[in-house]
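Here is a set of short exercises to work through with the structure open beside you. Try each task on your own before you read the solution.

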Amino acid sequence: MCPSRLVLEHVTSRWGVLILIALLERSYRFSELRRHVGGVSEKMLAQTLQTLERDGFVHRDAKPVIPPRVDYSLTGLGREAALLVAELGRWTEDRLASVEEARVRYDTVREASQ
């Protein structure tokens, strides 16, 4: 697999997109981010954050306090990627009605041909 495809997969994954967009707003603690994104399991959030951190998009700031505090924020590279996927998200929202109409037309043709 081409290395750029793997990075693209990380950035455009279901949770990757939502995490990047959320972190555009501000930094989050793990549990805050999980609530904000909604529907993501702890395991999947942890895996996605680790992947995005490894790729250089997310910064993990672990503070040596009790109880432990870890904040997640975007790096410069992460902010660039987040702005691009946020734009794609806005485009998707704006064009959702057209997509739904296309689906209905497609399904109608497929049902008629069966």
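Helices and strands here are DSSP runs, at least four residues for a helix and at least two for a strand, numbered from the N terminus. Keep in mind that you are looking at a predicted model.

**Exercise 1. The overall layout**

Task: Find how many helices and strands the protein chain has, and work out whether it is more spread out than a compact globule.

Solution:
- Step 1. Count the elements: the protein chain has five helices and three strands.
- Step 2. Put them in order. Starting at the N terminus, they run α-α-β-α-α-β-β-α.
- Step 3. Compare two values. The radius of gyration of the protein chain is 18 Å, while the globule rule gives 13 Å for 114 residues. Because 18 Å is well over 13 Å, the protein chain is more spread out than a compact globule.
- Step 4. Look at the box that the C-alpha atoms fill: along the principal axes, this box is roughly 65 × 30 × 25 Å.
- Step 5. Add the share of buried residues, which is 24% of the 114 residues.

**Exercise 2. A loop with a cis bond**

Task: Locate Pro 67 and say which elements lie on either side of its loop. Then decide whether the peptide bond from Ile 66 to Pro 67 is cis or trans.

Solution:
- Step 1. Find the strands: Pro 67 sits in the loop between β2 (58–63) and β3 (69–74).
- Step 2. Recall the general pattern: most peptide bonds are trans.
- Step 3. Read the angle. From Ile 66 to Pro 67, omega is near -5°, and the peptide bond is cis.

**Exercise 3. Two helix pairs**

Task: Work out how α2 is oriented relative to α4, and then how α3 is oriented relative to α4.

Solution:
- Step 1. Take α2 (residues 14–25) and α4 (residues 42–54): their axes come within 10 Å and cross at roughly 75°.
- Step 2. Apply the cut-off. Angles of 65 to 115 degrees count as roughly perpendicular, so α2 is roughly perpendicular to α4.
- Step 3. List the contact. Helix α2 brings Trp 15, Gly 16, Ile 19 and Leu 20, and α4 brings Met 44, Leu 45, Thr 48, Leu 49 and Leu 52.
- Step 4. Sort the residues of this contact by class: seven are nonpolar, two are polar and none is charged.
- Step 5. Turn to α3 (residues 30–37), which packs against α4 at an angle of about 110°, with the axes 11 Å apart. This makes α3 roughly perpendicular to α4.
- Step 6. List this contact too: Phe 30, Leu 33 and Arg 34 come from α3, and Glu 42, Leu 45, Ala 46 and Leu 49 come from α4.
- Step 7. Sort again. The contact of α3 with α4 has five nonpolar residues, two charged ones and no polar ones.

**Exercise 4. Buried or exposed?**

Task: Classify Thr 48 and Glu 93 as buried or exposed.

Solution:
- Step 1. Place Thr 48, which lies in helix α4.
- Step 2. Use the cut-off: buried means under 20% relative accessible area. Thr 48 has 9% relative accessibility, so Thr 48 counts as buried.
- Step 3. Check what Thr 48 touches. Leaving out residues up to four places away in sequence, these are Trp 15, Gly 16 and Ile 19.
- Step 4. Place Glu 93, which belongs to helix α5 (residues 76–112).
- Step 5. Use the other cut-off: exposed means over 50%. With a relative accessible area of 60%, Glu 93 is exposed.
- Step 6. Add a distance: Glu 93 and Thr 51 are 26 Å apart in space, C-alpha to C-alpha, and 42 residues apart in sequence.

**Exercise 5. Charged partners**

Task: Find which residues are salt-bridge partners of Arg 26, Arg 34 and Lys 63.

Solution:
- Step 1. Recall the cut-off, a side-chain nitrogen of Lys or Arg within 4 Å of a carboxyl oxygen of Asp or Glu. The count comes to six salt bridges.
- Step 2. Start with Arg 26, whose side chain meets that of Glu 32 at 3.7 Å, N to O. Arg 26 is partly exposed at 41%, and Glu 32 is partly exposed at 27%.
- Step 3. Go on to Arg 34, which pairs with Glu 42 at 3.6 Å, N to O. Arg 34 is partly exposed, with a relative accessible area of 33%.
- Step 4. Finish with Lys 63, which forms a salt bridge with Asp 61; their closest N and O atoms are 2.5 Å apart.
- Step 5. Widen the view: Asp 61, Lys 63, Arg 69 and Asp 71 are linked in a network of salt bridges.

Key: Residues numbered from 1 in each chain as written. Predicted model: local features only at pLDDT ≥ 70, side-chain atom pairs only at ≥ 80, totals over all residues. Heavy atoms only, no water. Buried < 20%, exposed > 50% of the residue type's maximum accessible area, 1.4 Å probe, protein only. Axes fitted to C-alpha atoms, helices over the stretch in contact; angles between N-to-C directions. Parallel < 35°, antiparallel > 145°, perpendicular 65-115°, else oblique. Contact = heavy atoms within 4.5 Å. Nonpolar A, V, L, I, M, F, W, Y, C, P; charged D, E, K, R; others polar. Rg over C-alpha atoms; globule rule 2.2 N^0.38 Å.
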